[in-house]
Amino acid sequence: MPALPNLILIGPMGAGKSTIGRLLAAELSRDFFDSDHEIQDRCGADIPWIFDVEGEAGFRERETQMIQELATREGVVIATGGGAVLREENRRMLRDGGTVIYLYTTVEQQLRRTAKDRNRPLLQRGDREQVLEEMFRTRDPLYRATADMVVRTDRRGPRAVSNEIVRRVERMIDPLHCKA
C-alpha cells in the first residue's frame with residue numbers, strides 16, 4: 001500500500017483537533033505538530049498575548065509562516081488553528097501539504113468544550129455563542145472547500161474519530177486492500 005500522506009486537521013475551536021491529532025500521530029507512529037503551540041513555542045508567548053501586542057493581523061502572519069513550515073514536512077500529523085483557513089494562501093498550502101480533514105462540530109458543542117477556556121482571544125469579546133455562530137458562517141464554507149474529507153466530532157469520543165479517520169484515509173489511498 002502507498003504511504004499515507006501528511007494528515008492535516010482543520011476546523012473550529014473545540015472540534016478536537018489537538019486531541020485527535022495526538023491520537024492519530026500515536027496510532028500511525030508519526031510526529032504531531034499543533035500550529036498554535038508551535039507559534040507559542042517559537043515566540044515564547046501565549047496566543048492571547050500575541051493578539052494583545054500584535055493584533056489578529058500579526059498573529060495571522062505568524063500562522064501563515066508556521067503553516068508554510070509545517071506543510072512541507074513529511075510523514076506528520078498537523079492540527080491547525082481555527083482561523084488558519086481565512087487566508088487563501090494558507091488553504092493552498094494545506095491542500096498541497098497532505099490530506100486535509102475537517103473536524104466538524106456544532107456551535108452548541110463548541111460552547112460546551114470552550115466554556116472554561118480563557119486562552120481563546122476571539123471568545124473574550126461579546127456574546128460567545130454569537131461570536132461562534134458568526135465564525136461558523138464565515139469559516140464553514142472555507143473548511144469544506146479546503147478539506148478532502150469531513151468528519152463529525154459531536155457526541156463522539158476522540159478515539160472513535162481517530163479510528164474513522166485512519167480507515168477513511170487508508171480507503172482513499174488503497175480502496176481495494178483496506179479494512180471496511
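The following paragraphs lead through the structure, from its overall fold to its cores, salt bridges and cavities. The model is a predicted one.

The protein contains 7 helices and 5 strands. Followed along the sequence, these elements come in the order β-α-β-α-α-β-α-β-α-α-β-α. The chain has 180 residues, and 49% of them are buried. Of the contacts between residues at least 6 apart in sequence, 71% link residues that are at least 24 apart. The surface that the protein exposes comes to about 9000 Å², with 47% of this area supplied by carbon and sulfur atoms.

The interior may be considered next. The largest nonpolar core has 23 residues, and those touching the most other members are I8, I10, I39, F59, L94, V100 and Y102. Several elements each supply at least two residues of this core: strands β1 (7–10), β3 (76–79) and β4 (99–104), together with helices α3 (47–71) and α4 (88–97). The greatest contribution to this core is that of α3, which gives 7 residues. I10 offers a detailed view of the surroundings of one core member. Leaving aside residues up to four places away in sequence, I10 touches K17, T80, V85, L94, V100, I101, Y102, L103, Y143, T146 and A147. There is also a second, separate core, made of 17 residues, with A15, I20, V77 and V151 among them.

Attention now turns to charged side chains. Side chains of opposite charge can pair when their charged atoms come close. Across the whole structure, 14 salt bridges are found. In one of them, the side chains of R112 and E108 meet with an N to O distance of 3.0 Å. These two residues belong to helix α5 (residues 107–114), and because they are 4 residues apart there, about one helical turn separates them. R112 is partly exposed, as its relative accessibility is 46%; E108 is likewise partly exposed, at 44%.

A pair with the same spacing occurs in helix α7 (residues 158–173), where E164 and R168 are 4 residues apart, or about one turn of the helix. Their side chains form a salt bridge with an N to O distance of 3.0 Å. What is the relative accessible area of E164, and is this residue buried or exposed? E164 has a value of 16% and is therefore buried, since buried means under 20%. R168, at 25% relative accessibility, counts as partly exposed. Elsewhere, R42, E69 and R73 are joined into one network by salt bridges that share partners.

A further salt bridge brings together the side chains of R152 and D154, at 3.5 Å from N to O. R152 is partly exposed, with 44% relative accessibility, whereas D154 is buried, with 8%.

The last topic is the enclosed space within the model. The whole structure holds 2 cavities of 30 Å³ or more. The largest cavity has a volume of about 70 Å³. Which residues line the largest cavity? The lining consists of P12, M13, Q110, L132, M135, F136, R139, D140 and Y143. Helix α6 (residues 128–146) gives the most to this lining, with 6 residues. Y143, one of the lining residues, is also among the residues that I10 touches. Through this contact, a residue of the largest cavity's lining meets a member of the largest nonpolar core.

Key: Residues are numbered from 1 along each chain as its sequence is written. This is a predicted model: local features need pLDDT of at least 70, side-chain atom pairs count only at pLDDT 80 or more; totals for chains, interfaces and linings use all residues. Side-chain values use heavy atoms; hydrogens and water are left out. Buried means under 20% relative accessible area, exposed over 50%, partly exposed in between (1.4 Å probe, protein chains only). Contact means heavy atoms within 4.5 Å. Accessible areas come from the Shrake-Rupley method with a 1.4 Å probe; for residues, only the protein chains shown count as cover. A salt bridge is a side-chain nitrogen of Lys or Arg within 4 Å of a carboxyl oxygen of Asp or Glu. A nonpolar core is a set of buried Ala, Val, Leu, Ile, Met, Phe, Trp, Tyr and Cys residues joined through side-chain atoms within 4.5 Å. On a 1 Å grid over the protein atoms alone, a cavity is a set of points where a 1.4 Å probe fits but cannot get out, and a pocket is an open set with protein on both sides within 12 Å along at least five of seven lines; lining residues have an atom within 4 Å of a point. Grid points are joined across faces, edges and corners, and a volume is the space filled by probe spheres set on the points.
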